[in-house]
Amino acid sequence: MKRKVIITIIILISCLWVAVTINFNRPSSQQVQDETQSSQQPRPKFTDQQIGVLAGLAISPEWLKQNIAANQLVYGIVKPSDTVPAGVDDYNYLVAADDQDGTIIFFKAEGQTVIIKYTSQRNTKLKAKALTLSQLKKEFYQTRSQKREVDDYVAGLRTE
């Protein structure tokens, strides 16, 4: 009888030891959340104007630079009263105030993706391109001089 009690106690202690070991070695839900978040790339933080400049650099860098230098580049948000092509009702845009070549760049950020729709040379059909914020950052906002250049362009934007 004593032997059965001793064996039962040993089994219970072993089970407790296993349970404690498993719980001790298992990461907490907070640790799992932190590890999951750190393994995902953080979303680059940009203002709408910075995203617009990055979109402009991706689509037509010379147009963007020329119009910034001439103090002609206008940033705006499409309003319900604006006459715009279908499908860009909730976009932001860049347009040259003098509108010589008809280039307009519409853009909006959706999560990690920037949807860009644009026209040029009086072409009424919109072209579309999707780029991630990470791609734009890697190509145009990586070095100190690139960051300064983009931020200077943003400072040169006119608003409607």
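Reader: How does one decide whether Gly 76 counts as buried or exposed?

Author: Buried means under 20% relative accessible area, exposed over 50%, and partly exposed in between, with a 1.4 Å probe and protein chains only. Gly 76 has a relative accessibility of 7%, so it counts as buried. This is a predicted model, in which local features need pLDDT of at least 70 and side-chain atom pairs count only at pLDDT 80 or more, while totals for chains, interfaces and linings use all residues. Residues are numbered from 1 along each chain as its sequence is written, and side-chain values use heavy atoms, with hydrogens and water left out.

Reader: Which residues does Gly 76 touch, leaving aside those up to four places away in sequence?

Author: A contact means heavy atoms within 4.5 Å. By that rule, Gly 76 touches Asn 92 and Tyr 93. Between Gly 76 and Asn 92 there is a separation of 16 residues in sequence, and their C-alpha atoms are 5.7 Å apart.

Reader: In which strand is Gly 76 found, and what is the pattern of helices and strands along the protein chain?

Author: Helices (H or I, at least four residues) and strands (E, at least two) are DSSP runs, numbered from the N terminus. Gly 76 belongs to strand β1. The protein chain contains 6 helices and 6 strands, in the pattern α-α-α-α-β-β-β-β-β-α-α-β.

Reader: In what order do the strands of the sheet stand?

Author: Strands of a sheet pair through backbone hydrogen bonds, either parallel or antiparallel. Two strands are taken as paired if DSSP finds at least two bridges between them. Here the 6 strands form an open sheet with mixed pairing, in the order β5-β4-β3-β2-β1-β6. At its edges are β5 (127-132) and β6 (158-159), each of which pairs on one side only.

Reader: Which strands run parallel, and which run antiparallel?

Author: Strand β1 (residues 73-77) pairs with β6 in the parallel sense over 2 bridges, and Tyr 75 stands opposite Thr 159 of β6. The antiparallel pairs include β2 with β3, over 4 bridges, and β3 with β4, over 7 bridges. Ile 104 of β3 can be followed through both of these pairings: it stands opposite Val 95, and its bridge partner in β4 is Thr 119. The hairpin of β3 and β4 has 2 residues between the strands, and Gly 111 there has a positive phi near 65°.

Reader: Which other residue has a positive phi although it is not a glycine?

Author: Asn 71 does, with a phi of about 55°. Asn 71 is located in the loop between α4 and β1, and its relative accessible area of 44% makes it partly exposed.

Reader: How many aromatic pairs does the whole structure hold?

Author: Rings of Phe, Tyr and Trp (its six-membered ring) pair if their centres lie within 6.5 Å; planes under 30 degrees apart count as stacked, over 60 as edge-to-face and the rest as tilted. The search finds 3 such pairs. In one of them, the ring centres of Tyr 75 and Phe 107 are 6.3 Å apart and the planes meet at 40°, so the pair is tilted. Because Tyr 75 lies in strand β1 and Phe 107 in strand β3, the pair ties together parts that are 32 residues apart in sequence. Both Tyr 75 and Phe 107 are buried.

Reader: How should the packing of helices α3 and α5 be read?

Author: Two packed helices are described by the angle between their axes and the distance between the axes. Axes are lines fitted to C-alpha atoms, for helices over the stretch in contact, and angles run from 0 to 180 degrees between N-to-C directions. Helix α3 (residues 48-59) packs against α5 at about 70°, with the axes 10 Å apart. That angle makes α3 roughly perpendicular to α5, since angles under 35 degrees count as roughly parallel, over 145 as roughly antiparallel, 65 to 115 as roughly perpendicular and the rest as oblique. Ile 51, Leu 54, Leu 57 and Ala 58 of α3 meet Leu 133, Leu 136 and Phe 140 of α5.

Reader: At what angle do α3 and α4 pack?

Author: Their angle is about 125°, with the axes 5 Å apart; α3 and α4 are therefore oblique to each other. Val 53, Gly 56, Leu 57 and Ile 59 of α3 make the contact with Pro 61, Leu 64 and Lys 65 of α4.

Reader: Which strands does helix α5 lie across?

Author: Helix α5 (residues 133-140) lies across β4 (113-119) and β5, at about 85° to β5.
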